[in-house]
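Let's take a walk through this model together, starting with one short helix and working outwards. Keep the viewer open as you read.

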Amino acid sequence: MPDDVVIDMSTDSPSSKVAVHRSIEPVEMGPLDAARGIASLTVGIPSSKKYRQPDGSSPPPRWKTPEFIFYYIVFVVVVPFMAWVPIRLSSPTNANYPLFRHQLKPGWLFGRDVDNSDRQYRAFRDNIPALSLLALIYLTLQWIYTRSAIGSMSAIPKDNVHLVPYLIFFATLYLVGLHGTSTIKILTILTINYYIGKGLQGSRIGPLLTWIFNAFILFVNERNEGYHFSSLHPSLAALDVFEGLYPRWHISFNITMLRLVSFNMDYYWACNSLSTEDVGSRDMRATQKERINTPHPLEFYTYANYLAYALFPPLYIAGPILTYNDFLWQLRRPQEISLSSVMKYFIRFLICLITMEFILHTMYVVAIKDTRAWVGDTSLELSMIGFWNLIIVWLKLLLPWRFFRLWSLASGIDPPENMVRCMANNYSTTGFWRSWHRSYNLWIVRYIYIPLGGTKNVAVATLLIFTFVALWHDLSFRLLAWGWLVCLFIVPELLAAYLLPQSKYGRYWWYRHVCAIGAVFNILMMMTANLVGFVIGIEGVLYLSGQITGSLEGFRFIVTGCCCLFAGVQLMFEYREEEKRMGIFLRC
């Protein structure tokens, strides 16, 4: 797609890409200080640019119309009730409370226990103080090193390439502390991958061997749980003694694998690039898209730069994912990241962290889910257990990603924002996957979707992508079922976009309401798929579905719930229209 063409998702047409227009004077979005009103809550990302309206002004705001006043009433009544239900289920007076009580630990809010039973989030939550101290040490040492390095130079450099030795030094210490002697395994894999890419240069065999090698490593890591030195040779058993603070290095290596593919693929495209101009040498500010797509001179694809990128400490554990071209561009042409923007992002992180703490201290839905302590619960109660588990899944991923992105921003590297929308502010299946783990989505588009043909081969590309995504997360049938469900649930939205294009029917008053009905079903399908993949699996979803739909009371609940979702979707539509009025286009 040309750089000056943008496809926007009309909020009156949630299931179709409809407005294709030429952009005029794009301005990269930073913090949304200029946005007034409720749209100021939107997370700013580089791809949300300001454009002139292609077809005149936006529709007049509907916020004060009688229709939306009714939606406000629904919202004010329903949302607190949705929170009250799991709070009541978490009370000691609940008949099922003894079944999950052993999962709770003493908390620090309201004199209540805390549900810290999610192992993945517990690993982050319990180590926030240690990670914060580590980030402060890293930033302090970086400042000292920078002052020392600049002081030894005859002129103040315009780039940050001088940081590469520091990044490698700190990353090595970081890996040894985390993974102990398994650092040897990691560096060995990184070195083999590097020589695959560099040795084959612009040959088409290079990308093929890169993918085969990295897929093989993921499979072997998973099957052997990182494998021990003693399994290679008994004489190496002594190396297994020092395992580090986090012996399971192969878990976080899934993220590292994406960087290995990125380096080799970016180098392959650089070798085959027709351009000989070193764009990175210009004194210019590039957009995120330009930083990703613009190759560097081949002499910048070095082993030192490769190690600094693959093991970049702030993003090593969990991301967000940054491409090699983007990382190197930001070293060569540092981004202007103001202290105020970092502090505002820090405040966002704190608000999300406090929200998560409030939920874990008042809603013990993870413990209820893990112990299946829902016997006798109503359809409403069962659905709220599922819904709030999904909210916790969203928050438990958002918080580490924002913590590590905050650390990276403070160090001068601006990675993509991973969570652009709240989980409960999504109605489009395609839009949801653009906003959920966004850096991974951008990586997939660049290294899988476009090479597979992109829009020319949508069906096959989508199936292969979600199969890869599922297996990349975990080699299990549950995740594979999740990936295939997502592929299946995208079809109705694409079909609706084809049968009811906004360009043909958007002018009719009923079109927005038909789109809202379709969005309700989209939401139900997305919730089902994510419950299968990340919460209770296929059997759990089948049980919940049977309990909810197996009675007249359950049928009444479904109808009422769909009506409430309809009102919520209308508010989502109008919120996106408000973003457009402020010049914000997120396409999700």
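What you see is a predicted model, and a good place to begin is helix α11, which covers residues 303–310. This helix is mostly covered, since six of its eight residues are buried. Which residues are they? The buried set is made up of Asn305, Tyr306, Leu307, Ala308, Tyr309 and Ala310. If you display their surroundings, you will find them packed against α5 (164–179), α6 (182–200), α9 (249–271), α12 (313–316) and α13 (324–332).

Two of those neighbours, α12 and α13, are joined by a loop that holds Pro320. Look at the backbone there: the peptide bond from Gly319 to Pro320 is cis, with omega near 10°.

Now step back for the overall picture. The protein chain has 588 residues, and 51% of them count as buried. Its secondary structure comes to 24 helices and four strands. Contacts reach far along the sequence: of those between residues at least 6 apart, 76% join residues at least 24 apart. The accessible surface amounts to about 27,700 Å², and carbon and sulfur atoms account for 66% of that area.

With that in mind, let's turn to how helices meet. Two packed helices are described by the angle between their axes and the distance between the axes. Take helix α1 (residues 66–89) and α24 as one pair: their axes lie 9 Å apart, and the helices pack at an angle of about 120°. Angles of 65 to 115 degrees would count as roughly perpendicular, so α1 and α24 are oblique to each other instead. The crossing of α1 past α24 is left-handed. On the α1 side, the contact is made by Glu67, Phe68, Tyr71, Tyr72, Val74, Phe75 and Val78. Their partners on α24 are Cys564, Phe566, Ala567, Gln570, Leu571 and Glu574. An α-helix has 3.6 residues a turn, so residues three or four places apart point the same way.

Helix α24 itself invites a quick check of geometry. How far should its 30 residues span? At 1.5 Å a residue, the expected value for α24 (residues 552–581) is 44 Å, and the end C-alpha atoms are indeed 44 Å apart, so the two agree. After α24 comes Gly583, which has a positive phi near 80°.

Helix α1 has another partner in α16. The axes of α1 and α16 come within 9 Å and cross at roughly 95°, so these helices are roughly perpendicular to each other. Here Phe81, Met82, Ala83, Val85, Pro86, Arg88 and Leu89 of α1 meet Leu380, Glu381, Met384, Ile385, Phe387 and Trp388 of α16.

Staying with α16 (residues 379–411), find Ser408. Is this serine buried or exposed? Ser408 has a relative accessible area of 0%, so it is buried. Setting aside neighbours within four places in sequence, Ser408 is in contact with Phe312, Pro314, Leu315, Ile413 and Pro415.

Next, visit Cys271, which lies in helix α9. With a relative accessible area of 24%, Cys271 is partly exposed. Beyond its neighbours within four places in sequence, Cys271 contacts Gln201, Gly202 and Leu298. Cys271 and Leu298 are 27 residues apart in sequence, yet their C-alpha atoms are 7.1 Å apart in space.

Gln201, one of those contacts, deserves a look of its own. This residue is found in the loop between α6 and α7 (205–224). Although Gln201 is not a glycine, it has a positive phi of about 50°. Its relative accessibility is 45%, so it counts as partly exposed.

Phe110 is another non-glycine residue with a positive phi, here about 60°. You will find Phe110 in the loop between β3 (105–106) and β4 (113–114). Its relative accessibility of 56% puts Phe110 in the exposed class.

A last stop is Leu452, in the loop between α18 (438–449) and α19 (458–473). At 32% relative accessibility, Leu452 counts as partly exposed. What does it touch? Not counting residues up to four places away in sequence, Leu452 touches Asn457, Ala461 and Leu464. As for distance, the C-alpha atoms of Leu452 and Thr462, ten residues apart along the chain, are separated by 9.6 Å.

Key
Residues numbered from 1 in each chain as written. Predicted model: local features only at pLDDT ≥ 70, side-chain atom pairs only at ≥ 80, totals over all residues. Heavy atoms only, no water. Helix = DSSP H or I, 4+ residues; strand = E, 2+ residues; numbered from the N terminus. Buried < 20%, exposed > 50% of the residue type's maximum accessible area, 1.4 Å probe, protein only. Contact = heavy atoms within 4.5 Å. Areas by Shrake-Rupley, 256 points an atom, 1.4 Å probe, with all protein chains shown as cover. Expected span 1.5 Å × (residues − 1). Axes fitted to C-alpha atoms, helices over the stretch in contact; angles between N-to-C directions. Parallel < 35°, antiparallel > 145°, perpendicular 65-115°, else oblique. Left-handed = near helix turned anticlockwise from the far one by under 90°.
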